[in-house]
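Open the model in your viewer and keep the selection box at hand. Each stop gives you something to select and then says what is there.

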Amino acid sequence: MSLLAPLGLLLGLLGIPLTALYFLKVRRRRVRVPSTLLWAAQARAQRSATPFERFQRKLLLLVQLLILALLALALGRPVGEEQRGAGRAVVLVLDRTASMGALDGSPTRLDAARDQALELVGGLDLSDEAELITVGAAAVVEAPFTRDRAALEAALRQVEPSEAEGSLREGLELALALAQGRQGVEVHLFSDGGADEPLDTLPAGAAAIRLHPAGRASKNAAILALDLRASPTSELERQLFVTVQQFGQASQGEVELYLNGQLASVQARALPVDEPVSLVFALAGEAQGELRVVLRADGDLLPADDVAWAALSPARTRQVLLVGGDRLTAHALAQDPRVRLHTAPSADAATAAPYDATLFMGPVPPGMLGQSYAVLGPHPGAPALPIGEPRPTAALTWDRAHPLTRFVDWEPVVFGSASALDGTGGLVPVVQGLSGPLLLAGELGGGRVLELAFDPLRSDLPLRVGWPVFLYNAVGWLTERAGVSAEGEMIRAGTPWSTATTAQIATATGPGGEVPVVVERGLARVRDTERAGIYTVALGAQRRAFAANTLSPRESRIAPRTTLEIRAGEAAISPTGGSSRREWWRPLAWTALALLGVEWLVYHLRRRD
Amino acid sequence: MALLSPELLARLTRLRLGSRRRVPGAGIGSRPSPRRGQSQEFADHRPYVPGDDLRFLDWHVFARLDALWVKLFEEETDRVVQLLVDRSASMEGEKLDAARRLAAAIGWIALGNTDRVLLAGLEARVAEYLPAGRSRRHAPALFHALEALGAGGNTALSDAIAALPRQRGGSMALLFTDLLSPEGHEAPLRRLVATGAEVHLFHVVAPWELRPELRGEVMLVDSETGEEVPVSLDDAALDQHQARVLAWLEDVETTARSLGVSYHRVSTAAPVEALVLQTLRQQGLIL
């Protein structure tokens with residue numbers, strides 16, 4: 001037994017004045033009476049009281065001293081060594097993704113999960129170390145391993161709900177990685193289970209993972225997709241595509257469209273279970289501002305996925321620079337009504353003035369990092385450099401869901417020569433050929449980059465209808481990030497938004513207030529987009545807006561997971577040996593309180609007698 | 001302060017002091033004597049014997065029965081009513097006040113019946129003494145002496161009674177006391193009874209003596225001896241004390257009755273009018 005706060009024992013010194021007061025209290029009051037004749041017997045009776053009766057008279061003082069001693073001891077925070085398992089390493093993984101905002105908790109699932117976590121923290125031993133990881137758009141360590149329960153509780157109380165999709169697997173992997181090398185690792189996952197995210201292959205090792213399920217219900221209607229595109233019939237009009245889906249039980253839903261807060265249109269639909277329902281709203285070309293889509297359905301439990309926003313920019317032509325291109329390509333680009341085409345024979349112009357996108361059909365100059373550009377062929381300066389001699393090849397597979405491959409059939413294209421590439425340069429293969437990737441695309445330094453591993457002029461692709469379609473897709477994809485799309489700028493909540501800028505200082509305001517903007521190397525970036533809604537970014541004199549939406553089938557499918565199957569690491573926690581320390585102030589304080597009740601009872605019983 | 005109001009005195013004027021027994025007096029008074037006398041009040045007949053005063057022959061009886069019977073008359077004697085008031089320190093306050101008022105009332109009645117009334121203030125000795133006087137002319141002196149009677153001194157009633165002047169003839173001793181004396185209550189009563197007087201004990205008790213309004217740790221100081229008695233007073237202790245006092249009162253009454261002493265308990269809470277006009281009349285002391 002030892003004391004964590006020995007100074008608390010000083011409270012015991014109050015026993016001295018307490019005893020003194022008690023004896024001062026018995027200093028007798030002198031009362032003159034006619035005669036003490038009849039009182040003598042009383043005095044004799046009291047003097048001859050039994051030891052027990054005398055003890056009873058002092059009982060109150062003894063009880064009071066005992067209460068004081070217990071309180072002093074409790075303030076001293078005594079801890080006792082206890083032969084039990086060694087301290088545990090407890091990792092709390094708290095799911096705060098959008099689905100945890102479902103209103104079948106107390107009131108939300110996140111609140112219920114937080115309560116469970118707080119209860120668990122309250123039951124930890126002094127020797128236990130605990131860590132808090134939250135899973136929102138990303139897994140974040142909110143409190144590293146600590147024995148300070150107050151810090152853990154404070155961190156838990158500060159956890160706010162996210163409206164973004166998250167990965168429980170990422171959170172659990174982080175938890176397991178941080179707990180490596182520790183004994184008796186317990187991972188407590190407070191979550192509704194993350195829908196169908198596969199967790200069974202987690203490298204749990206010796207750690208025990210326990211799910212504390214949150215939520216009970218499954219009924220939810222959600223907006224799962226929102227897309228704003230130019231009308232195929234008129235460049236002056238745009239269309240808003242909305243896809244909603246009902247989970248759990250069928251329902252009737254209404255989708256309302258608001259433009260700058262004014263109700264613009266309403267469509268009602270029956271919402272069968274698990275079947276996407278698409279709706280199209282027509283928008284005038286001059287419309288601009290904030291678009292808000294609201295889904296109203298009976299018994300809906302998750303509000304986060306019932307609203308989606310779009311920042312509707314006025315239609316603006318894309319400034320596209322073609323460097324060293326051939327006439328066919330220039331002609332195809334010029335036919336795109338969205339594009340204002342600039343051509344330049346050399347690469348110098350590419351870095352001289354800002355363009356929304358630059359297409360190189362020749363060497364790529366340095367200094368393009370952070371800008372959106374396409375390298376149409378295996379040219380020097382491309383992210384993935386060609387190696388070896390070009391050889392004829394053919395397309396094997398391609399990502400049919402990628403915007404770049406939309407409506408383009410790559411299979412019949414004859415590639416006269418394609419170069420093998422030295423890696424992917426940080427890009428992702430989109431079209432795979434016999435000898436390696438034929439088309440790569442991805443983000444580099446905040447800008448979008450695509451690269452062709454073959455020379456299009458040495459293939460029959462320019463002769464095919466797929467070539468202008470591919471250029472159309474490429475311009476759309478490359479300029480989507482530049483904020484010039486007539487379709488409006490939309491991202492999924494939790495993903496970063498960035499744009500090229502010449503401004504040195506930028507500020508951004510989101511649905512929850514001001515959010516940080518990082519301006520670095522000509523690129524402004526907003527990382528904190530976990531709240532769904534419209535974000536406004538001020539880049540010098542220029543103002544930009546984008547919308548962040550949940551739009552996540554995984555989060556909207558709120559049926560909770562009640563079991564967690566981890567293939568590996570089913571080992572139960574079996575700490576052995578050692579001793580742990582347990583604080584005793586709580587039982588001491590409770591005992592003191594009980595004695596206080598006894599003292600009160602004795603005092604009043606005596607008064608009544 | 002007047003001991004008795006004029007209204008009360010007027011009401012008491014019509015009363016007279018009774019007696020439990022006949023006592024021979026030192027002179028002619030209005031009290032019946034065991035000796036048959038020559039008063040106007042017929043007492044009995046007895047057969048005539050030579051030498052009897054022929055004036056007392058009952059000629060009516062002789063006419064009807066043809067027998068000589070002599071009428072016997074009550075011989076009326078006076079007596080001394082001794083008002084013995086305990087004026088010790090324990091009587092201080094309402095108890096002495098009640099004793100003085102009661103003594104004044106009884107003295108007033110007695111003086112109206114040709115009794116001789118004396119007053120003695122007792123403590124360890126006879127502290128005050130007003131010799132016996134007759135008729136209500138004596139009343140002012142009696143009342144003045146009663147009013148001047150102050151409390152003080154220790155109680156030793158036996159010694160004080162022994163120091164009282166002896167009275168000739170029959171006497172009635174009315175002792176007003178709380179009997180709170182270290183010598184106990186029996187000794188002074190025995191001493192008084194031994195004087196041959198008809199003894200009436202007026203036991204003065206204050207209600208708060210049964211259950212004083214005291215709580216906690218108290219040092220009780222005896223008003224006469226200065227003795228200190230420490231007691232812890234709570235409800236239980238007060239209950240015990242009350243039971244002891246009641247038992248003591250019972251004991252005093254039993255002792256008094258066993259000695260032939262009339263026992264009258266006087267509560268200081270009761271007005272003197274009620275005591276005299278109701279209680280004592282019911283007990284036959286006042287007629």
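In what order do the 3 strands β9, β10 and β13 of chain A lie in their open sheet? The order is β9-β10-β13, and the pairing is antiparallel. Bear in mind throughout that this is a predicted model.

**Stop 1: the three-stranded sheet of chain A**

Select residues 220-230 and 277-283 of chain A. These are β9(A) and β13(A), the edge strands. Each has a single partner strand, so one side of each is left without a neighbour in the sheet. From one strand to the next, the twist averages 20 degrees.

Now add residues 238-247 of chain A, which form β10(A). β10(A) pairs with β9(A) over 10 bridges, in the antiparallel sense. For one facing pair, pick A:Leu228: opposite stands A:Leu240 in β10(A).

**Stop 2: the five-stranded sheet of chain A**

Stay in chain A. Here an open sheet has 5 strands in the order β6-β5-β4-β7-β8. Its pairing is mixed. Select 139-146 and 208-213 for the edges: β6(A) and β8(A) each pair on one side only. The twist in this sheet averages 15 degrees from one strand to the next.

Go inward to β4(A), residues 89-95, and β5(A), residues 129-135. They run parallel, joined by 7 bridges. A:Ala89 is a good residue to label; A:Glu129 of β5(A) stands opposite.

Two helices pack on this sheet. Select residues 109-122 of chain A for α4(A), which touches β4(A), β7(A) (185-191) and β8(A). The direction of α4(A) makes about 170 degrees with that of β4(A). Next select residues 149-157 of chain A, helix α5(A). α5(A) touches β4(A), β5(A) and β6(A), and its direction makes about 10 degrees with that of β5(A).

**Stop 3: across to chain B**

Switch to chain B as a whole. It has 9 helices and 10 strands. Of its 287 residues, 52% count as buried. Look at contacts in chain B with a separation of 6 or more: residues 24 or more positions apart account for 76% of them.

Select residues 216-222 of chain B. This is strand β8(B), with 5 of its 7 residues buried, so it is largely enclosed by the rest of the structure.

Which strand of chain A is joined to β8(B)? It is β2(A), residues 29-33. The two run parallel and are joined by 5 bridges. Label A:Arg32 and look opposite for B:Val221 in β8(B).

β8(B) also pairs within chain B. Add residues 228-233, strand β9(B): 6 bridges join it to β8(B), and the two run antiparallel. Two facing pairs are worth labelling. B:Glu217 stands opposite B:Ser232, and B:Val218 stands opposite B:Val231.

Finish this stop at the hairpin turn. There are 5 residues between the strands β8(B) and β9(B). Among the hairpin residues, pick B:Gly226, which takes a positive phi near 75 degrees.

**Stop 4: a helix pair between the chains**

Select residues 40-47 of chain A, helix α2(A), and residues 235-258 of chain B, helix α8(B). Their axes are 10 Å apart, and the packing angle is about 135 degrees. The two helices are therefore oblique to each other. α2(A) passes α8(B) in a right-handed crossing.

Show side chains at the contact. From α2(A) come A:Ala41, A:Gln42, A:Ala45 and A:Gln46; from α8(B) come B:Ala237, B:Gln240, B:His241 and B:Arg244. By class, that is 3 nonpolar, 4 polar and 1 charged.

**Stop 5: a helix pair inside chain B**

Last selection: residues 94-111 and 272-282 of chain B, helices α3(B) and α9(B). They pack at about 50 degrees, with axes 9 Å apart. α3(B) and α9(B) are therefore oblique to each other. The crossing is right-handed.

On the α3(B) side, show B:Arg101, B:Leu102, B:Ala105, B:Ile106 and B:Ile109. On the α9(B) side, show B:Val272, B:Glu273, B:Leu275, B:Val276 and B:Leu280. Colour this contact by class: 8 residues are nonpolar, none are polar and 2 are charged.

Definitions and conventions:
Residues numbered from 1 in each chain as written. Chains lettered and ligands numbered in written order. Predicted model: local features only at pLDDT ≥ 70, side-chain atom pairs only at ≥ 80, totals over all residues. Heavy atoms only, no water. Pairing = 2+ DSSP bridges. Helix = DSSP H or I, 4+ residues; strand = E, 2+ residues; numbered from the N terminus. Axes fitted to C-alpha atoms, helices over the stretch in contact; angles between N-to-C directions. Parallel < 35°, antiparallel > 145°, perpendicular 65-115°, else oblique. Left-handed = near helix turned anticlockwise from the far one by under 90°. Contact = heavy atoms within 4.5 Å. Nonpolar A, V, L, I, M, F, W, Y, C, P; charged D, E, K, R; others polar. Buried < 20%, exposed > 50% of the residue type's maximum accessible area, 1.4 Å probe, protein only.
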